Amino acid sequence: MALSILAVVLVGMNLRAGITSASPLFVDLQEFLGYGPLVAALLPSIPTLVFAVAGMSTAWIARRLGLGGTMLLALVVLGAGLALRGLPTTWALLAGTVAAMCGIALCNVAMPSFIRQNFADRISLMTGLYTITMSVGATAASALSVPLALAAGSPTIGLATWSFLAFAAALAFLPFVLMARSGPDTGEKPASINPLSLIKTKRGMVITGLFTVQSLMAYSMMSWMPSILISRSMNATDAGFMLGVMQAVTIPATMFSLWLVNRHGMLRGAFTMCSVAVAAGLVGMLVLPLSLAWLCAITLGIGFSIFPLVLLVISHSGETPEETTAMSTLAQSVGYLVATIGPFGMGLLYSLTGGWSVPLVLLIVVAGIQLCLGLAASGYRRTTPQRVG
C-alpha cells in the first residue's frame, strides 16, 4: 500500500511539470534558438496532439506489459525526452517534447485504471491525491523554471533538469514489474475492449466531450498565460509565478471539489462551480488591470479543479479495469486531439490579430459548453451505457 501511494505521488508530480516548466520560457527559448512563429505556435500544441496519438496505444501496451510495466516504460520515455531537451537546438527541443509527451500520454490513460486496480475502495481519495500532486508538480515547475534556467545559463538546460524527477518515479514502478513477473500466470488475459465502440454510447460521447473542452481550456492557459502577461509588460519571472499561483490554487480547490462530491454528493454543484470560476478568470484576463492578475490566476485555478472530477467520472465508467481503460483511452485520445485546437489556435490568432482578446473570448464560449456537458455527466452512475439511437 505504501509503495502504491508513493508511485501515485511520484507520477502525479511528473505529469504537468514537463509542460508548465516550458511555458514561462517560450519567449526566451525563441530568442535563444532563433526559431520562427510557426514553431512558436506549434510548440505549445505538441502536448495535446501527442496525447491524442500516443494515448490510443495505451490499452494495447497495457495488455502486453501490464499496468506496472506500462507505467515504467512511460516514465523512462518521459525522462529521456526531457533530458533530450537540454541540447541547444530546435530539433532537440521539438523531438524531446514529443518523446516526453508520449510518456505522459501513457501515464494519463493508465493511471485511472492503476488507481482502480490498487485502491478499489478508495478511488475518490486516491484520485484526489493524484491530481493534487499533479498541481504540486506543475506549481513547482512554473515557479522554478525561469530561476533554474538563469542558474544554468541556458533555457534548454533548465528544461532538462526536470528529467531527474521522471527517472525517480520510474524507480518506484520497478517493484510492480518484478512482482507481476514473479506472480502466478493464470494463462488468461482480460477481454479486449475497443475504445472506439464506446463513442456509440451516450455516456461515451458526453464524457469525451467534457474531457475535450476542459483540456482545451487548461492547456491553452498553461501554454499561453505567461505570454499573455508578458505582452502586457509583466516580466518573465513574475509571469511564471502567476502560472504557479494558478496551479497552486487547484490544490485546495481540488480538495474542496472532492469534499462536495464525497460528503454531499454535489457533483453537479462542483461542475457548476468550476465552469463559472474559469469563465470569470477568463473575463478578468480581458478587462482587469495587470495589478489584479493574481485574482485571475486564483479564479482560473479554482476552475481547473474540474480535472479530478472528470477523472472520477471516468474511473466509475466501467465495471472492470479494462472497461475503465477503454473509456479513459477514448476520452483522452479524442479529447486531446480536438483540444490541440486550443493552444495552436491561440498562438495563431495572436499572430493574426496582434492581441489576445479574440482567443480569450472564444475560451469563454468554451466554458459555457463545459458547463452544459458537466451537468449532463453529473447524472451518470455505474450502469450499462445506452446506445445512441
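The points below describe a predicted model of a protein chain, moving from the whole fold to a surface patch and then to one residue inside a helix.

1. The protein chain holds 18 helices and zero strands. Its radius of gyration is 20 Å, close to the 21 Å that the globule rule gives for 389 residues, so the chain is as compact as a globular protein of that length. Along the principal axes, the C-alpha atoms fill a box of roughly 60 × 40 × 35 Å.

2. Of the 389 residues, 56% count as buried, and among contacts between residues at least 6 apart in sequence, 83% join residues at least 24 apart. The chain exposes about 15,300 Å², of which carbon and sulfur atoms supply 71%.

3. On the surface, Leu49, Val53, Leu337, Val338 and Ile341 make a nonpolar patch of about 450 Å². Helix H5 (46-55) and helix H16 (321-339) each supply at least two residues of this patch, while Ile341 is found in helix H17 (residues 341-353). Ile341 counts as exposed because its relative accessibility is 58%, and the cut-off for that class is over 50%.

4. Although H5 contributes to the patch, this helix is mostly covered, with eight of its ten residues buried. The buried residues of H5 are Ile46, Pro47, Thr48, Val50, Phe51, Ala52, Ala54 and Gly55.

5. Is Gln247, a residue of helix H12, buried or exposed? Gln247 is buried, because its relative accessible area is 7%, and buried means under 20%. Leaving aside residues up to four places away in sequence, Gln247 touches Thr20, Ser135, Ala138, Thr139, Ser142 and Met222. Helix H12 itself spans residues 236-264.

How values were computed:
Residues numbered from 1 in each chain as written. Predicted model: local features only at pLDDT ≥ 70, side-chain atom pairs only at ≥ 80, totals over all residues. Heavy atoms only, no water. Helix = DSSP H or I, 4+ residues; strand = E, 2+ residues; numbered from the N terminus. Buried < 20%, exposed > 50% of the residue type's maximum accessible area, 1.4 Å probe, protein only. Contact = heavy atoms within 4.5 Å. Patch = residues over 30% accessible without salt bridge, like charges linked within 9 Å, V, L, I, M, F, W, Y side chains within 5 Å. Areas by Shrake-Rupley, 256 points an atom, 1.4 Å probe, with all protein chains shown as cover. Salt bridge = Lys/Arg side-chain N within 4 Å of Asp/Glu carboxyl O. Rg over C-alpha atoms; globule rule 2.2 N^0.38 Å.
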